[in-house]
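Welcome, and please get your viewer ready for a short walk through one chain. At each stop you will get something to select and a note on what is there.

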Amino acid sequence: MTNTQQYFNSEEFENKFHCSASLGAFPSAAGTVFRLWAPTAEAVALRLYRSGDGGGAEEFHAMAPAGRGMWVYETRRNLDGFYYDYEVEVDGVLRVTADPYAKACGLNGQRSMALDLSRTNPPGWEFDQPPMQKPETVIYEIHVKDFSWDPASGVPDKYRGKFKALCQTDTTLNNDGKHPTCLAYMRELGVTHVQLMPVFDYGSVDEGGGTDAFNWGYDPVNYNVPEGSYSTDPRNGEVRIRELKEAIQALHQNGFRVIMDVVYNHTYRLDSWLWRTVPWYYSRQRPDGSPSNGSACGNDAASERSMCAKYILDSVLYWAEEYHMDGFRFDLMGLLDVKLMEDIRHALDRRWGRGEKLLYGEPWAAARTAARSGTLLAGKEGLRRLDRETGAFCDATRDAVKGPVAADQEAVPGFVNGGGLDAQALVNCVRGWAGAKGAFSVKAPSQTITYLSSHDDWTLWDKLVLTMDLRRHFDRLDRTLLRANRLAAAICFTCQGRLFLLSGEEFARTKQGIRDSVCSPVQVNRLDWGRAWENRELVDYYRGLIALRMRLPGLQDKSAQARTRVTEAREPYRDCVTLHIDNQSLKTESPWRRLFLAYSVRQDTVEISLPEGTWELLADADSSFRWKSPEPHSGTYALPHMSIAIFGQR
Ligand code: CA
């Protein structure tokens, strides 16, 4: 291990340099202060500019050391609207860097901006509130650009692919006035939360370049500034901030809570603003000094070091406070440490109330990371040490239902596409793997994000095509595949835990079999609003499942005892499983005290015995809206091939 690593890992360093001051630029009528934490620097200079790109610095100011590794410049002038960067000298090497604590920036985030943030609030922002919580959480993952890029979206050209498109509340397909798209479509679908793929400033798209440039955005440059390519004017640092706030306000007004996808586990390049300011402090290193690469992106954040942890915690709190974000989805949470995730959970709870802000992440990393020894990581091994209100994507259910997602597992099926039905695995899925032993295990379904597809890996539809259609027709809406898709969705929506879907999963979204579309053109990634209407029946099926789920407290229960509501009935036949669910609740009213679920992946109809009494059929393979006028059943029921039947008893 290098001396620098040992020093940064030491208690001595933390005791000497941990700095609790607010860092960044703070302009006001009374004056402006700049604070930068750079404990290894020999000298720091502030440079001021009139514009966010181009032109030389107008002023240079030496920063003064102010204790605990902090450098400060103070003036009586109000520098609101000025752009700036720093020259930081470490070990005799002078590096130019933007401010890692910047809250605003110029084109491509290369210069920071001192900005009075109150000027960026849209009208009515002080009254902005998230909608009331619904009985169940259904998260819909969208990407700002691919959501509205399709000209058929009905969004005005100048707003397509921008934050502004999220303020267009009543768009229709090709402006036909009949078929809702975008926000109006999501309202009809009934999802409760919108998860925005990265909206912080990322580096892979040139903000001054062509309008078709596309990337998912998992390459952070400025963690506390919105992405410029989603704004109508990336050169003016105020605009992207105001427009993201407008989008969040519109989403709130339309009944959605907003979740931000955050990528603190790595920076776009090792040579980041953080690295230039305090070389190596924020990055894990292998014993030979090379950068740790558990992110597969070239570097890993050293979240176990106190100022890195503070950086991440402060950033989360900032987005929640300044932008009214209602939750956070942590990319590669398995690279961050349990203590940090606990600190974030508790800080959010203290400020906004217990569990009010959703918190969940990917409980894995891309590869092994070189964390300080003794660090407990928030991957699967750490889930049981996390707060019950800190959740994780449940790959166990995802893979059980449709098959695994690794590149060499393309043809490996799950329950619905030829893999057969494993009763024990299905019961675990339904319980959200609470108290399960094995690959995925949590304390309670509050920790489980149940899903079938996200932006990563094949879309659900593409996986079904790859496993079921030898001719690989991704565009064709094949009836057998649609039936498998319905079954997959119905299984997912009868699992405890919170629910999540990739936008377009409900209309058989295809990326033409491309497994990883991070760098694929926007034409591949874009939501195809024509297909959404072509495949209206599948959309309706999802819509019914979402609406029914709001009426089933037995599946909404997020407590550690929720698993005891689920009991397996006898398994009468191969590839067919029946379950009893206790649906009684003190909190949510439901007409049905008990549920009886029957799942079949057989190719023939199977006659099942219903438990004693009269049962109402609430949903089957043909309709997820049967609960609106349910028909009574008793005795036996002929369960058709490849289908689910959901019964309720009053
Ligand atoms: Ca950018």
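**Stop 1: a glycine in a strand.** Start by selecting G361, which sits in strand β16, residues 358-361. Bear in mind throughout that this is a predicted model. Is G361 buried or exposed? Its relative accessibility is 0%, so G361 counts as buried. Now show what surrounds this glycine: setting aside neighbours within four places in sequence, G361 is in contact with F330, M333, G391, A392 and F393. If you would like a distance to draw, try G361 to R551: the two are 190 residues apart in sequence, and their C-alpha atoms are 27 Å apart in space.

**Stop 2: a glutamate in another strand.** Next, pick E89 in strand β7, residues 83-90. With a relative accessible area of 27%, E89 is partly exposed, because that value falls between the 20% limit for buried and the 50% limit for exposed. Not counting residues up to four places away in sequence, E89 touches T40, A41, E42, A43 and L94. Then add R276 to the selection: E89 and R276 are 187 residues apart along the chain, yet 9.2 Å separates their C-alpha atoms.

**Stop 3: the calcium ion.** Select the calcium ion and display its donors. Which residues coordinate the calcium ion? They are D201 and E207 and E227 through OD or OE atoms, and Y202 through its O atom, at 2.2 to 2.3 Å. Along the sequence, these donor residues follow the spacing D-Y-x4-E-x19-E. Y202 and E227 link distant parts of the chain, being 25 residues apart: Y202 is in strand β12 (residues 200-202), while E227 is in the loop between β13 (220-226) and α5 (237-253). Both Y202 and E227 are buried.

**Stop 4: an enclosed helix.** Move on to helix α4, residues 182-189. Six of the eight residues of this helix are buried, so α4 is largely enclosed by the rest of the structure. Colour the buried ones to see them: C182, L183, A184, Y185, M186 and L189. What covers these buried residues? The cover includes β10 (138-142), α3 (144-148), β11 (193-196), α5, α14 (529-534) and α15 (536-549). Just after α4 comes G190, which has a positive phi, near 95°.

**Stop 5: a roughly parallel helix pair.** Show helix α7 (residues 306-322) with helix α8 (residues 338-352): their axes come within 10 Å and cross at roughly 30°. That angle makes α7 roughly parallel to α8, and the crossing is right-handed. On the α7 side, the contact is made by A309, I312, L313, V316, L317, A320 and E321, and on the α8 side by L340, D343, I344, A347, L348, R351 and W352. By class, that contact has eleven nonpolar and three charged residues, with no polar ones.

**Stop 6: an oblique helix pair.** Finish with helix α11 (residues 460-468) and helix α12 (residues 479-492), which pack at an angle of about 130° with their axes 10 Å apart. That makes α11 oblique to α12; the crossing of these two helices is right-handed. Select L460, W461, L464, V465 and M468 in α11, which meet T480, L481, L482, A484, N485 and A488 in α12. Colour the contact of α11 with α12 by class and you will find nine nonpolar residues, two polar and no charged ones.

Methods:
Residues numbered from 1 in each chain as written. Predicted model: local features only at pLDDT ≥ 70, side-chain atom pairs only at ≥ 80, totals over all residues. Heavy atoms only, no water. Donors = N, O, S within 2.8 Å, 3.2 Å for Na, K, Ca; no water. Helix = DSSP H or I, 4+ residues; strand = E, 2+ residues; numbered from the N terminus. Buried < 20%, exposed > 50% of the residue type's maximum accessible area, 1.4 Å probe, protein only. Axes fitted to C-alpha atoms, helices over the stretch in contact; angles between N-to-C directions. Parallel < 35°, antiparallel > 145°, perpendicular 65-115°, else oblique. Left-handed = near helix turned anticlockwise from the far one by under 90°. Contact = heavy atoms within 4.5 Å. Nonpolar A, V, L, I, M, F, W, Y, C, P; charged D, E, K, R; others polar.
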